[in-house]
Amino acid sequence: MFEYQLKRSTRRKTVAIKVSKKVVTVYAPMHVSKTSIEQWLKIKQAWVDLQLNKQLNFIDKQQRPLKQCQVLIFEKPHTLVFKQSASSYVEQSDDVLTIYTSTRVKKLSQKRQQLLCQALEEKLAAYIEMRLAYYCQLMTEALPTKLTFGAYKRKWGSCNSRRELTFSLNLIGAPTHVIDYVIVHELAHLKYHNHSAAFWSRVGKFYPDYKSASAWLKQNGASLQWEFDN
Ligand SMILES: [Zn+2]
């Protein structure tokens, strides 16, 4: 059920509904119970959704929260679609990412950004956690103590002496084998805190094709950045 404002009046004889500026208002006579109003609204649900979406599309043309309308998820382009709903959530189909924001949300573009980042981070985290488990075993390293993701502009990953690892959220657009390279690179830093020959030989031992993965990032890295209008 959608959110609505209920306005009762003694002069009213019938129940009516209005959708304006993304707000649903229900007008009702004093004597009509809340239960029968809600029953009536259930029948109206589809019509209300349609009105809310129409109004949202109109707003979309005026304020574009993202500079692009597409995001890459493991190399595959997904079209971004923004809709309104009773609650805020993200839905992914084959090549569409639909971001639903609640009609109560005030800072719309900020909320969409947050929902998008959260959804992409969940996907990236799920993949990286799985591959970290695999590579830690392969490289006989203990699992990292902490794993964080961020919108870093100039780095793909980092690690420190407390065995805390960070990864750039932009990696979500990269091919999975390139993400694997970043994982091995960071895990190799747990032994060598530099880019010495010994470090690269450790990377090469567990990820032999590291030169082409690293070259891929240099060449395509900029295209993985997403930008927001603020
Ligand atoms: Zn490094």
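In the predicted model, Met30 lies in the loop that links strand β3 (23-29) to helix α1 (34-62). The residue is partly exposed, its relative accessible area being 48%, a value that falls between the limits of under 20% for buried and over 50% for exposed residues. Although Met30 and Thr10 are 20 residues apart along the chain, their C-alpha atoms are separated by 5.6 Å. Thr10 is also among the residues that Met30 contacts once neighbours within four places in sequence are left aside, the others being Arg8 and Ser9.

A second loop position, Thr103, is found between strand β7 (96-102) and helix α2. With a relative accessible area of 18%, Thr103 is buried, because the limit for that class is under 20%. Beyond its neighbours within four places in sequence, Thr103 is in contact with Glu3, Lys22, Leu52, Gln84 and Ser85.

Helix packing is considered next. Two packed helices are described by the angle between their axes and the distance between the axes. For helix α2 (residues 108-138) and helix α3 (residues 176-189), the axes come within 10 Å and cross at roughly 55°, which makes α2 oblique to α3. The crossing of these two helices, α2 and α3, is right-handed. On the side of α2, the contact is made by Leu124, Tyr127, Ile128, Arg131, Leu132, Tyr135 and Cys136, and on the side of α3 by Thr176, Ile179, Asp180, Ile183, Val184 and Leu187. Sorted by character, the residues of this contact between α2 and α3 comprise 10 that are nonpolar, 1 that is polar and 2 that are charged.

Helix α3 also takes part in the surroundings of helix α5 (residues 210-220), since what covers the buried residues of α5 includes both α3 and α4 (197-206). The buried residues in α5 are Tyr210, Ala213, Ser214 and Leu217. These residues cover an arc of only 95° around the axis, and they therefore lie on the same side of α5. In general, an α-helix has 3.6 residues a turn, so residues three or four places apart point the same way. On the face of α5 that is turned away from its buried side, the exposed residues Lys211 and Gln219 are carried.

Notes:
Residues are numbered from 1 along each chain as its sequence is written. This is a predicted model: local features need pLDDT of at least 70, side-chain atom pairs count only at pLDDT 80 or more; totals for chains, interfaces and linings use all residues. Side-chain values use heavy atoms; hydrogens and water are left out. Axes are lines fitted to C-alpha atoms, for helices over the stretch in contact, and angles run from 0 to 180 degrees between N-to-C directions. Helices (H or I, at least four residues) and strands (E, at least two) are DSSP runs, numbered from the N terminus. Angles under 35 degrees count as roughly parallel, over 145 as roughly antiparallel, 65 to 115 as roughly perpendicular and the rest as oblique. A crossing is left-handed if the near helix is turned anticlockwise from the far one by less than a right angle, and right-handed if clockwise. Contact means heavy atoms within 4.5 Å. Ala, Val, Leu, Ile, Met, Phe, Trp, Tyr, Cys and Pro count as nonpolar, Asp, Glu, Lys and Arg as charged, and the others, Gly among them, as polar. Buried means under 20% relative accessible area, exposed over 50%, partly exposed in between (1.4 Å probe, protein chains only). The arc is that of the directions from the helix axis to the C-beta atoms.
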